[in-house]
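Colleague: I'm new to this, so can we go through it slowly? I'd like to know where each label comes from.

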Amino acid sequence: MVITSGGAAGVPVAPPAHPVAGDAPTPAAAPAGPVRPGRAPRREAAWRRRDRRWGYVFVGPQLIGMALFVLLPFVASLVLAFASWDGLTELEWVGFENFTAQLQDELLLRSIVNTLLIALITVPVGLGLAVVVAVALEKLRTRTLYLILFFAPVVTSTVAVAMIWQQLFRADGVLSGAIAAVFGVAPPDWLGDPRLALIAVCIVSIWSSLGLNVIIFLAGLQNISPSVIEAARIDGAGAWRLFRSIRLPLLSPIVFFSSIVAFISSLQTFDTVFVLTANAGPDNATRTIVYHIYDLGFGRFEFGPSSAASVILLVLTLVITAIQFGAQKKFVHYEDDSA
Amino acid sequence: MTAADLESTLVGRPDLERPRRRAAGGGTRRTLGRVAIHVALVVAGLAMVFPFLWMLLTSFKTLPQLLQDPLSLWPDPWTIEKYVDAWNAVPFGQAYLNSIYICVLSVVGTLLTASMAGYAFARIRFRGSRVLFIVFLATQMIPKQVTLIPFYLLMAKFGWVDSHLSLIVPAMLVNPFAVFLMRQFVLSLPKELEEAALVDGAGRWRTFWSIILPNLKPGLGALSIIVALDVWNSFLFPLVLLNSPDLFTVPLLLASFRGQFGSVDYGLVMAASALATIPMLVAFVIGQRRILNSMAASGLGGR
């Protein structure tokens with residue numbers, strides 16, 4: 001290190017004056033909140049009491065909102081799951097009947113399987129593609145145009161996305177036509193064939209969320225300190241080795257976090273199946289859990305069974321999050337000195 | 001993920017367009033590598049825009065062309081008739097007004113309430129603040145759809161079904177993610193900033209309003225983009241809560257359009273889709289730098 005300015009070299013610099021440093025009690029006694037110097041202890045205590053009230057005032061609006069619009073409906077959902085009600089006639093308690101009926105309902109089971117399939121296909125494929133694109137983008141000096149192209153679907157409403165793809169997937173449409181021409185097969189009927197309809201939903205959701213993951217991973221790659229890369233390169237690491245042993249491990253916390261977010265949002269798939277596959281696809285082939293909740297609640301006004309299905313969605317979400325946190329230990333690498 | 005990791009991911013100020021620092025050396029191999037990357041990305045980029053281009057081209061086609069030659073890409077002849085028809089068939093202008101004002105009110109409300117709560121959780125000591133904060137974080141785990149039916153019943157009780165209040169008021173008052181994000185931003189501000197004001201006798205509100213809020217501008221900017229995108233594109237709740245076409249938001253109107261007009265004249269459907277997406281895409285391209293960096297900063301995105 002070369003010191004260019006002579007004066008300060010070697011002389012310890014006085015810490016900047018702290019407005020409250022002199023009178024502050026030990027940090028253990030008051031870790032947060034300023035202390036007003038030169039006040040009598042009693043006025044100090046009065047100020048703290050008033051300040052505490054300000055805490056509730058500031059949290060107030062969000063607290064009321066959460067209690068009224070989240071916690072209350074949430075508890076009501078748990079309660080309704082044990083009742084039979086259509087919103088008009090008398091509410092009737094039925095115990096676990098909704099759950100036993102739902103868990104034997106072929107439609108719910110199919111919804112769960114479809115939803116899990118969508119999540120299990122879109123999350124690994126989508127995140128894998130996003131890592132590849134982000135690594136490629138990071139190597140470039142100008143990437144604005146690419147960023148715009150990849151992100152455009154993210155800012156487009158899922159309804160519009162689904163409407164466009166619905167026409168692209170027409171049996172007499174361009175995609176089927178291209179596949180028929182290239183592979184010499186009959187043009188596939190994407191949205192009419194139960195198997196293909198689910199694949200179509202996956203393609204659309206990968207396409208529309210790719211850009212979001214790309215920019216998050218790109219920001220993560222940019223956070224890797226160049227000195228780490230440089231050190232590895234000096235040690236003779238090639239491009240693949242750099243990716244496998246440096247970039248990917250250092251990116252893994254962000255990939256892990258994104259995988260949880262992506263999985264949970266896949267479990268909530270609704271817009272795409274509602275619009276793209278016109279409700280739930282041929283023979284309920286793309287019926288998802290949220291569609292099932294919507295259909296029971298607002299198609300048939302069976303609030304009890306619909307709430308039971310909501311609770312099943314909640315449990316599924318929590319279980320999958322727990323599994324992912326369990327898997328984290330094995331695959332996620334944290335840079336120890338990054339904090 | 002440690003708290004510090006999370007914080008740096010969330011509150012870091014990414015600049016996605018910052019070019020990579022180049023290592024010394026390079027030469028032909030490196031240039032060739034970059035060309036290969038460009039070629040691959042151009043192909044991938046084309047796949048990303050193709051649906052939008054196809055939507056635009058299809059929207060300018062006439063019905064006979066759609067029926068006779070569905071595989072052609074280029075309109076022949078061009079017509080803007082579909083746009084006129086789509087605009088006249090459903091209240092598009094009204095839907096845009098609805099979406100814009102719902103979005104603006106929701107964003108402004110969220111910015112205020114979330115930064116207030118974030119400030120309190122970061123800097124004010126009050127009984128139960130830790131527990132409350134944990135409750136806020138925990139409610140993020142509840143999928144919104146789980147509360148769909150009771151939420152609808154509650155709105156019915158309030159008389160807010162088929163009213164924009166059922167979308168705006170909850171959006172203004174509930175956003176745990178925004179609270180969390182604003183708390184992180186407040187924590188990243190130096191404490192001395194507000195202590196000076198408090199010592200000088202400014203109250204909490206004045207300190208918040210004239211010291212904290214102005215310093216939170218980058219965070220508020222990022223948050224407003226995230227919330228706006230989320231509100232603009234939300235579909236399930238408006239679908240359930242709104243019945244009158246005059247109250248529809250843009251996505252809802254578009255979805256109803258699909259129901260009213262069959263799939264034969266899909267040029268009309270594509271014109272309607274273009275009317276719903278192109279203004280958003282133009283706005284995105286204009287503000288892309290801030291939007292991309294905000295979304296990267298949030299690390300978790302809008303949904």
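Colleague: Let's start in chain A: how much of residues 196–219 is helix, and how far apart are the end C-alpha atoms?

Modeller: That span is 100% helix and 0% strand, with its end C-alpha atoms 35 Å apart. Helix here means a DSSP run of H or I of at least four residues, a strand is a run of E of at least two, and both are numbered from the N terminus. Keep in mind that this is a predicted model, where local features need pLDDT of at least 70, side-chain atom pairs count only at pLDDT 80 or more, and totals for chains, interfaces and linings use all residues. Residues are numbered from 1 along each chain as its sequence is written, while chains are lettered from A and ligands numbered from 1 in the order in which they are written.

Colleague: Which record lists residues 196–219 of chain A, and under what name?

Modeller: An unreviewed UniProt entry lists them under "transmembrane region", together with 56–83, 116–137, 144–165, 250–270 and 308–327 of chain A. Such annotations may be inferred rather than shown by experiment. In the model, residues 144–165 of chain A are 91% helix and 0% strand, and their ends lie 26 Å apart, C-alpha to C-alpha. The unreviewed entry also gives "domain: ABC transmembrane type-1" for residues 112–324 of chain A. That stretch is 78% helix and 0% strand, yet its end C-alpha atoms are just 18 Å apart.

Colleague: And what does UniProt list as "transmembrane region" for chain B?

Modeller: Its unreviewed entry has five spans... let me just name them: 35–57, 99–119, 131–153, 165–182 and 266–286 of chain B. Residues 165–182 of chain B come out as 89% helix and 0% strand, 25 Å from end to end by C-alpha. For residues 131–153 of chain B the helix share is 65%, again with 0% strand, and the ends are 29 Å apart.

Colleague: Why is helix 10 of chain B called roughly antiparallel to helix 11 of chain B?

Modeller: Look at the angle: helix 10 (residues 192–199) and helix 11 (residues 204–215) of chain B cross at roughly 165°, and their axes come within 10 Å. Over 145 degrees counts as roughly antiparallel, under 35 as roughly parallel, 65 to 115 as roughly perpendicular and the rest as oblique. So helix 10 and helix 11 of chain B get the antiparallel label. The contact uses B:Leu193, B:Glu194, B:Ala197 and B:Leu198 on helix 10, and B:Thr207, B:Ile211, B:Ile212 and B:Asn215 on helix 11.

Colleague: What makes helix 4 of chain B roughly perpendicular to helix 15 of chain B?

Modeller: Helix 4 (residues 81–89) and helix 15 (residues 266–286) of chain B pack at about 70°, with their axes 8 Å apart. That angle makes them roughly perpendicular. B:Lys82, B:Tyr83, B:Asp85, B:Ala86 and B:Trp87 meet B:Gly267, B:Leu268, B:Ala271, B:Ala272 and B:Leu275 there. By class, this contact has 7 nonpolar, 1 polar and 2 charged residues. Ala, Val, Leu, Ile, Met, Phe, Trp, Tyr, Cys and Pro count as nonpolar, Asp, Glu, Lys and Arg as charged, and the others, Gly among them, as polar.

Colleague: Back in chain A, why is helix 4 called oblique to helix 7?

Modeller: Helix 4 (residues 144–155) and helix 7 (residues 194–223) of chain A cross at roughly 125°, and their axes come within 6 Å. That makes the pair oblique. The residues of this contact divide into 10 nonpolar, 3 polar and no charged.

Colleague: What is special about the phi of A:Phe301?

Modeller: A:Phe301 has a positive phi of about 55°, though it is not a glycine. Most residues other than glycine have a negative phi, and most peptide bonds are trans. A:Phe301 sits in the loop between helix 11 (289–299) and helix 12 (303–331) of chain A.

Colleague: And how do you know that the peptide bond from B:Asp76 to B:Pro77 is cis?

Modeller: Its omega is near 0°. B:Pro77 belongs to the loop between helix 3 (63–68) and helix 4 of chain B.

Colleague: Last one: how many residues does each chain bring to the contact of chain B with chain A?

Modeller: Chain B brings 95 residues and chain A 93, where contact means C-beta atoms, placed from the backbone, within 7 Å. On the chain B side, helix 2 (residues 28–59) gives the largest share, 13 residues. That side has 65 nonpolar, 16 polar and 14 charged residues.

Note on methods. Axes are lines fitted to C-alpha atoms, for helices over the stretch in contact, and angles run from 0 to 180 degrees between N-to-C directions. Two residues are in contact if their C-beta atoms, placed from the backbone, lie within 7 Å.
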